[in-house]
Amino acid sequence: MPTEGPATAARGDDLALLGLLQLVSPALPIGAFAFSQGLESAFELGWVSDEASLGEWLEGVLEDGLTRCELPALARLTQAWDEADGEAIAGWDDWLAANRETAELAAEDSRLGAALVRLLGSLALLPGGPSSEAPALPANAGYVTVFAWTAHVRGVPPRQAMLGFAWAWLENQLAVACKALPLGHTAAQRLVERMRPALVSAADAALSLEEDALGPALPGLALASALHETQYSRLFRS
């Protein structure tokens, strides 16, 4: 009876890696490029004005935001998808929605989630079909929840999914800065080098947090996002 050999296992790992790269690619047609997550407002307010201050802003958002909110929720959602636990999936989707502190942040999460659902539908990758053992997505599922499902169906381990999510966030923020600050591409790559170890540390920290320690602490980002709603001139939706 044939058994799975090293070549078969390596192929599975390779396909998972390529699936993750597809999921976090800026070319993924879900419209992530349209959102700045309050960063454009931080430029307008003078809170972020150059490479150094942008690095400080990104480190703060990563440490007090993603590490305590999206990344640990993503790990728990991936586990819930692995276990086909529809109640846990819906609970974490609701928890993430409750932590969106402005209309713009909530709209970003719901619109990216809806766009990814449409894309997955066109690729026949949605859960909950007649022959699927997976529960259906929650109604109006947010982006992190749909991202977790996509990572699950692609066979991406939770830690790698977390790193991919954080990498996509970083690339998006640097793309915003290159358009609106402006930030040169070489400076952006210096910030990538500065932030890469921080992304790994963020994944470590997120995996170690108990549930009662979760929740973002980003009053500055929330204020910037709220002010962006009435900003006179802007390139981004948030």
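Trainee: What is the relative accessible area of F147?
Mentor: This is a predicted model, in which local features need pLDDT of at least 70, side-chain atom pairs count only at pLDDT 80 or more, and totals for chains, interfaces and linings use all residues. Residues are numbered from 1 along each chain as its sequence is written, and side-chain values use heavy atoms, with hydrogens and water left out. Buried means under 20% relative accessible area, exposed over 50% and partly exposed in between (1.4 Å probe, protein chains only). F147 is buried, because its relative accessible area is 0%.

Trainee: How many aromatic pairs are there in the whole structure?
Mentor: Rings of Phe, Tyr and Trp (its six-membered ring) pair if their centres lie within 6.5 Å; planes under 30 degrees apart are stacked, over 60 edge-to-face, the rest tilted. Searching the whole structure gives a number of aromatic pairs equal to six.

Trainee: Of what kind is the pair of W47 and W57?
Mentor: The ring centres of W47 and W57 are 6.4 Å apart. Their planes stand at 35 degrees, so the pair is tilted.

Trainee: In which helix does W57 lie?
Mentor: Helices are DSSP runs (H or I, at least four residues), numbered from the N terminus. W47 is in the loop between α2 (39-45) and α3 (51-66), so its pair with W57 ties together parts ten residues apart in sequence. W57 itself lies in helix α3.

Trainee: Which of W47 and W57 is buried?
Mentor: W47 has 38% relative accessibility, so it counts as partly exposed. With a relative accessible area of 13%, the buried residue is W57.

Trainee: Which residue forms an aromatic cluster with Y143 and F147?
Mentor: Y143 and F147 make an edge-to-face pair, 5.8 Å centre to centre with 75 degrees between the planes. They are four residues apart in helix α7 (residues 143-153), so about one helical turn separates them. The residue that joins Y143 and F147 in one aromatic cluster is F165.

How values were computed
Helix = DSSP H or I, 4+ residues; strand = E, 2+ residues; numbered from the N terminus.
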